[in-house]
Amino acid sequence: MDSEEKEQMKLAAYLDGQKFLWCHVPNGGHRRKIVAASLKRQGVKSGCPDVLVFAPIQAAIELKRKSGGSVSANQRKWLDALGNAGWETYVARGADSAIKWLVEKVEKAANEKEGEENEQPKANH
């Protein structure tokens with residue numbers, strides 16, 4: 001098992017434990033050409049982020065091992081497009097980095113929501 005796979009499993013355990021609505025997009029790895037062609041026809045997209053979080057925030061995470069690994073041009077295009085669509089995006093160096101980032105983003109979103117709920121509408125006189 002390579003280190004990125006171990007990091008993905010650690011992040012998955014955290015997301016499941018926190019009851020996030022999320023999925024892993026298993027685009028990586030080497031496949032036989034016939035399998036890769038079939039997956040492409042089924043809609044697999046090159047560069048799609050490794051982790052898509054739908055709730056409590058919308059976030060896309062490209063997970064890399066702690067050291068090494070680079071973001072491809074297609075991965076950067078996906079992250080940029082999702083960011084432009086209002087998603088939070090992040091390239092994480094290991095599960096701990098992803099978890100720390102998620103905690104910060106979820107707390108920020110909760111604080112913003114709380115602030116909106118505490119605002120009282122002004123009465124028209």
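Start by selecting Tyr90, which is partly exposed at a relative accessible area of 25%. Keep in mind as you click around that this is a predicted model.

Now add Trp101 to the selection. Trp101 has 8% relative accessibility, so it counts as buried, the cut-off being under 20%. Look at the two rings together: the centres of Tyr90 and Trp101 sit 4.9 Å apart with the planes at 5°, so this pair is stacked. The two residues are 11 apart and link distant parts of the chain, with Tyr90 in strand β4 (residues 88-93) and Trp101 in helix α4 (residues 95-118).

Next, show α4 as a cartoon. The helix lies across β3 and β4, and runs at about 150° to β4.

Stay with β4 and bring in its neighbour, strand β3 (residues 59-64). These two run parallel and are joined by 6 bridges. To see one residue pairing, pick Ala60 and then its bridge partner in β4, Thr89.

Zoom out to the whole sheet. You should have an open sheet of 4 strands in the order β1-β2-β3-β4, and the pairing is mixed. At the edges are β1 (21-24) and β4, each with a single partner strand, so each has one side without a neighbour in the sheet. Turn the view to follow the twist, which averages 20° from one strand to the next.

Last stop: more rings. How many aromatic pairs does a search of the whole structure find? There are 3. One of them joins Tyr14 and Phe20, whose ring centres are 6.0 Å apart with planes at 50°, so that pair is tilted. Both Tyr14 and Phe20 are buried.

Methods
Residues are numbered from 1 along each chain as its sequence is written. This is a predicted model: local features need pLDDT of at least 70, side-chain atom pairs count only at pLDDT 80 or more; totals for chains, interfaces and linings use all residues. Side-chain values use heavy atoms; hydrogens and water are left out. Rings of Phe, Tyr and Trp (its six-membered ring) pair if their centres lie within 6.5 Å; planes under 30 degrees apart count as stacked, over 60 as edge-to-face and the rest as tilted. Buried means under 20% relative accessible area, exposed over 50%, partly exposed in between (1.4 Å probe, protein chains only). Two strands pair if DSSP finds at least two bridges between them. Axes are lines fitted to C-alpha atoms, for helices over the stretch in contact, and angles run from 0 to 180 degrees between N-to-C directions. Contact means heavy atoms within 4.5 Å.
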